[in-house]
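I set out to record what I looked up in one protein model. My entries below follow the order in which I consulted it.

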Amino acid sequence: MNVPWRLPFLLGGPAAEDFHVSSAGNDLSAEQWLLQNGELLRKKQEEWLSTGIGGLCAPTAFSHAFSPDREALREQVRLLNAGLLEITRQSAQRFGVPVGARVGGSGLFVPPYGEADFDDIYDGYRDQIRVLEQGGAEFILIENQSSMADMRAAVLASRTSDFSVFVTLSVDESGKTLTGCSLLPAVITLQAMGVEAIGLGGPMPPLEMLPLLKEVIPHASVPLCAIPSAEGLSPEAFAEQAQALLRAGVPVLGIGGDQTPAHWQALRQKAQEPFAFGSDYADADNYAAATENEAFFLGSDITLSEPIECSIALEEDLIDLDDEQVNAALIELNTLDDVMLLSQFGSVTRLPLAVHTDSRTILEAALRYVQGRLIVDTNCQIDLELIERTASKYGAIVY
C-alpha cells in the first residue's frame, strides 16, 4: 500500500514536550497528564490543525510498556492509548484530516547490543498497536528509532492492522543510530516488509537531514519521510530549509522540536508550491540485502559460501569469509540455539547473510531474530510455497 493521501503529506501534532511535560517511559506519567488535561490537548491540536496539518498524530509515543512491567500496565496502556486517540480523532474529524498515532522506541536492545528479548519488545508494541487499531487510527508514526530490532518489532506488530505505517530513525551527525544502523539498511529492510514511508527524525534540522536522505532516494521503492527539528529556527527559516527536502523528493514531512503553529503555517505555504513528485516509485531491488550496519546490492548472481555451521567458532568463521570469493555467507541452522548464536554474531561479517535449514520453524525464527534483510536458500526440504509465504512476512530474499 502506498501513502493513500495526496502528496506532500504533512503529519504531526502536539507531544508531551510541547506542554513542558517530559515523557517518562514505562511509568506512563506524561501520557496520563495529557489525558487528564484533554481540553488543553484538544485546544493545541486545533490551533495546529487550523494552520494546515494534513494528518494529526495522537501524543501516544510512550504509551506502551515492556517486560517486566507489561502485564501489570496493560490496562493503563489500553486506557491511555484509547483516550488520547479519541481526543485526537475528534479534533481531526472536525478538520476532515486523517488521524494517526505516535509510537516511540522501547529503549531496549537485543544482543549483541543489550540483553532484551525480541519477543518482549514485539509484545509491548503489539499491546499498544492493537488498541490504536481498535480506536480507528488510520496511520501510525513509528518514530525516532535507534535499532533495527526495535523498528522490525514495531513493524511486525503493525502488519496485521489495516493502516499506513511510517518509520523514522534518529541518527547522529555521522548518520548512525545507537546500534550503528544507518538509513540505507533500514530502507532496504523495512520497504521489503511493507511500510508506507521511511526516513529520519530526531534533533536534526532539515538541511542536516538532506544529504542523508538524498543518498538513499535511488534505492527507495516507497516515499521517504522527514520529521526534522525546528529548534533554533524561525518559522520562515525552517520552511525554507524544509522546502529543500520537498524539492529533493521527500514528500512526507512533519516538524519536531520547538514546533509552533507558526512553523506549521510557514511549512504549509511552502508545501502548496508545485513540486514534481513521481506517482510511481521504482520497484525495490529484489536482491538488495541488509544487516544492521550495511546494505548489499547483489544483482541476481548470488555466490553463496560453503555452509557454515553454528558453533563456538562462528564469529571467527564469519570474519574469515571476508577473504573468500563469495558474496553471501550461507549459515546452516539446525536448532533454535543456532538461530540465537547467529543473531548475536551475524553482524561481524561484511557479507549479507543467507540461511539454510530444513525446518520451517527454524526458518521463521531466523527471519524473526536475525536483524536485517536475509537471503533464504531454497535448496532444502521445505516446500517452496511455505518458504515464500514465510519470507514474505519478513521481507526476506528467496534464492
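Entry 1: a term I need. I call a residue buried when its relative accessible area is under 20%, exposed when that area is over 50%, and partly exposed in between. I also note that the model I am reading is a predicted one.

Entry 2: N144. I looked up the accessibility of N144 and found 37%, so N144 counts as partly exposed. I located N144 in strand β4, which covers residues 139-145. I then read the backbone angle: the phi of N144 is positive, about 55 degrees, although N144 is not a glycine.

Entry 3: D258. I found a positive phi here too, about 60 degrees, and D258 is not a glycine. Is D258 buried, partly exposed or exposed? Its relative accessibility is 49%, so I class D258 as partly exposed. I placed D258 in the loop that runs between β8 (252-253) and α9 (261-271).

Entry 4: the largest pocket. I recorded a volume of about 410 Å³ for the largest pocket. Which residues lie nearest its centre? I listed E17, E143, N144, G256 and G257, out of 25 residues that line the pocket. N144, which I met in strand β4, thus appears again in this list. I sorted the lining of the largest pocket by type and obtained eleven polar, eight nonpolar and six charged residues.

Entry 5: cis peptide bonds. I looked up the bond from L7 to P8 and noted that it is cis, with omega near 0 degrees. P8 belongs to the segment before β1 (9-12). I noted another cis peptide bond between P111 and P112, where omega is about 10 degrees. P112 sits in the loop between β3 (99-103) and α4 (118-134).

Entry 6: the cavity. I counted one cavity of 30 Å³ or more. The volume of the largest cavity is about 140 Å³. P112, which I had noted for its cis bond with P111, is one of the residues nearest the centre of this cavity. The others named there are E292, S343, S347 and Q371, and the lining has 15 residues in total. Which helix gives the largest share of the lining? I found that helix α11 (residues 336-345) does, with three residues. By type, the lining of the largest cavity holds eight nonpolar residues, six polar and one charged.

Entry 7: H64. I found H64 in the loop between β2 (55-58) and α3 (70-95). Is H64 buried or exposed? Its relative accessible area is 1%, so H64 is buried. I looked for a polar partner and noted that a polar atom of the H64 side chain lies 3.0 Å from the backbone oxygen of G104.

Entry 8: the whole protein. I counted 13 helices and 15 strands. I compared the radius of gyration, 21 Å, with the 21 Å that the globule rule gives for 399 residues; the two are close, so the protein is as compact as a globular protein of that length. The C-alpha atoms fill a box of roughly 60 × 50 × 35 Å along the principal axes. Of the 399 residues, I recorded 57% as buried. Lastly, I looked at contacts with a separation of 6 or more: residues 24 or more positions apart account for 75% of them.

Note on methods:
Residues are numbered from 1 along each chain as its sequence is written. This is a predicted model: local features need pLDDT of at least 70, side-chain atom pairs count only at pLDDT 80 or more; totals for chains, interfaces and linings use all residues. Side-chain values use heavy atoms; hydrogens and water are left out. On a 1 Å grid over the protein atoms alone, a cavity is a set of points where a 1.4 Å probe fits but cannot get out, and a pocket is an open set with protein on both sides within 12 Å along at least five of seven lines; lining residues have an atom within 4 Å of a point. Grid points are joined across faces, edges and corners, and a volume is the space filled by probe spheres set on the points. Ala, Val, Leu, Ile, Met, Phe, Trp, Tyr, Cys and Pro count as nonpolar, Asp, Glu, Lys and Arg as charged, and the others, Gly among them, as polar. Helices (H or I, at least four residues) and strands (E, at least two) are DSSP runs, numbered from the N terminus. Buried means under 20% relative accessible area, exposed over 50%, partly exposed in between (1.4 Å probe, protein chains only). A polar contact is a pair of N or O atoms within 3.5 Å; within protein, one must be able to donate a hydrogen and the other to accept it, and residues adjacent in sequence count only if both atoms are side-chain atoms. The radius of gyration is taken over C-alpha atoms; the globule rule is 2.2 Å times the number of residues to the power 0.38. Contact means heavy atoms within 4.5 Å.
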